[in-house]
Amino acid sequence: MQIDWSQLGPLLAVIHVLGLAAACHAILNTRTSQGAIAWAVSLATMPYLTLIPYLFLGRSKFAGYADARRLRNETLRTRARVPEWDRLVAGGERPADELGVGIIRTMSQLGGMPIVPGNSVRTLVNGEATFAAIFDAIEEARHYVIVQFFIVRADALGDMLKDALIQCVARGVRAFFLYDSIGSFDLPSSYVDALRAGGVVVHPFSTKRHFVNRFQLNFRNHRKIVVVDGERAFVGGHNVGVEYLGAKPPLSPWRDTHIEVRGPAVANIQFAFTEDWYWVTQELPACDPPHVAPRHDDMSCLVMPTGPADRQETCLLFFVEAINAARRRLWITTPYLVPDEAVFSALRLAVLRGVDVRIMIPARRDHYVVFEASTLYAFDAIRAGIRIFRYQPGFLHQKVVLIDDVAAAIGSANLDNRSFRLNFEIMVLTVHRGFASEVEAMLLRDFAESVEIDRSEYRDAHALRKIGMHVARLFAPIL
């Protein structure tokens, strides 16, 4: 077949014009200068390779969501707030005095929620403990169950969850189920149909309500939330799939952490779900949280829902402030180490002021590009005095931040740009010495099964792998 070069020329010209137009769009709309430069240069010089990826991955602002979520938000937030909580924070009384009034005030302003005393929080280590607790809570539900996950698989664990929710509805309990349409792209329609046939109200979270978001893959709802009767909530790193139970080599045994929260803070966790549900359905779920009396455990919790619709880069600033709060110790576990420059600078400053900064990352890879970029960032961190550990037994997926002896944050956010700017996440900061001690003991067990790495991991790598690491880091704005 002979190529008609006279027709190819105009096509190439159109592609270059589109590339220049997209480059201008990237300069105007990309949140970071690094991302804007990377997209603009690649679109202007290589539009044949980058136009389609930009269509799917280029936007970093979730058009339409910010306006939609503000509708009824003031009413919802009024339900979630108790004036005395704000007075305790503003007055410097317990619980703010443990971590610092300024730190608590800043984080409360960031997340738009107060710190709430009178809670009970316990860690759920790995999948069996997590899902046993979740299924027990669902079985005991009397009024309603809320379920939200990033990944839901139609495997043995997914079927157990489906059956539990259908049984809830059969005994008169309302059930609401929200899953991310991108994270659960392979969830068969038969699974969803079975839930709906059983009376469960099911919706996918999608960015496609507005045309400008039609092709976007960036804006993923990465939250994992289960709420039962407004009294118990579960938040953490687990999704619904047998791999999270450690049943999928070569990543098994899977290392992850969830928490169970009881007390007034559950209403704030439920509010994060309500915002997402309202975006999808334009309706409020029929599950107003009841008044929950403070518990004797008296743990103080600050719920931090974050996402690309926030006026500020809430997740990024949350990590920066958490790092700045540390005076003696800062231990972080994350499956993906691709920090923003602001976070990396805060970590370096923490080292300089004498803080014991440790970051635990996986020894096994689940995503090649992210793993290679993480390895290069780990090398930079070690040179700055940050101690880096690789967890050996299996894949490490938990997201935990331990601050001194007084506070710990656990949730869904990774130490990467995708969590900082592109995903919807949720973290729960618990200010309580007893809980911090529990998290410390958990992490010490993990460190005992980890190997501290040094600069040789990078320096001893062969030349091609080093090139691969540096190429992988170029994609840091979207990893």
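Biologist: Before we look at this predicted model, under what relative accessible area does a residue count as buried, and is Thr 257 buried or exposed?

Modeller: A residue counts as buried when its relative accessible area is under 20%, and as exposed when that area is over 50%. Thr 257, which lies in strand β7, residues 257–262, has a relative accessibility of 0%, so Thr 257 is buried.

Biologist: With which side chain does the side chain of Thr 257 make a polar contact?

Modeller: Leaving aside neighbours within four places in sequence, Thr 257 is in contact with several residues, among them Leu 124, His 238, Gln 398 and Met 442. The polar contact made by the side chain of Thr 257, at 3.1 Å, is with the side chain of Arg 255.

Biologist: Turning to the helices, how are α15 and α19 oriented where they meet, roughly parallel or roughly perpendicular?

Modeller: The axes of helix α15, residues 368–383, and helix α19, residues 463–473, come within 8 Å and cross at roughly 95 degrees. Angles of 65 to 115 degrees count as roughly perpendicular, so α15 is, relative to α19, roughly perpendicular.

Biologist: Which residues in α19 are met by α15, and how many residues of their contact are nonpolar?

Modeller: From α15, residues including Val 369, Phe 371, Leu 376 and Tyr 377 take part, and in α19 they meet Arg 465, Met 469, His 470, Ala 472 and Arg 473. By class, this contact of α15 with α19 has four charged and two polar residues, while the number of nonpolar residues is seven.

Biologist: Ala 381 also has its place in α15; which residues does Ala 381 touch, not counting those up to four places away in sequence?

Modeller: Ala 381 is buried, with a relative accessible area of 2%. Ala 381 and Leu 347 are 34 residues apart in sequence, yet their C-alpha atoms are 8.5 Å apart in space. Not counting residues up to four places away, the residues that Ala 381 touches are Phe 344, Ile 386 and Ile 388.

Biologist: Which helix gives the largest share of the largest nonpolar core?

Modeller: The largest nonpolar core has 58 residues, and those with the most contacts inside it are Leu 99, Leu 330, Ile 388 and Ile 403. A second, separate core of 45 residues includes Leu 178, Ala 265, Ala 272 and Ile 410. In the largest core, the largest share is eight residues, and these come from helix α13.

Definitions and conventions:
Residues are numbered from 1 along each chain as its sequence is written. This is a predicted model: local features need pLDDT of at least 70, side-chain atom pairs count only at pLDDT 80 or more; totals for chains, interfaces and linings use all residues. Side-chain values use heavy atoms; hydrogens and water are left out. Axes are lines fitted to C-alpha atoms, for helices over the stretch in contact, and angles run from 0 to 180 degrees between N-to-C directions. Helices (H or I, at least four residues) and strands (E, at least two) are DSSP runs, numbered from the N terminus. Angles under 35 degrees count as roughly parallel, over 145 as roughly antiparallel, 65 to 115 as roughly perpendicular and the rest as oblique. Contact means heavy atoms within 4.5 Å. Ala, Val, Leu, Ile, Met, Phe, Trp, Tyr, Cys and Pro count as nonpolar, Asp, Glu, Lys and Arg as charged, and the others, Gly among them, as polar. A nonpolar core is a set of buried Ala, Val, Leu, Ile, Met, Phe, Trp, Tyr and Cys residues joined through side-chain atoms within 4.5 Å. Buried means under 20% relative accessible area, exposed over 50%, partly exposed in between (1.4 Å probe, protein chains only). A polar contact is a pair of N or O atoms within 3.5 Å; within protein, one must be able to donate a hydrogen and the other to accept it, and residues adjacent in sequence count only if both atoms are side-chain atoms.
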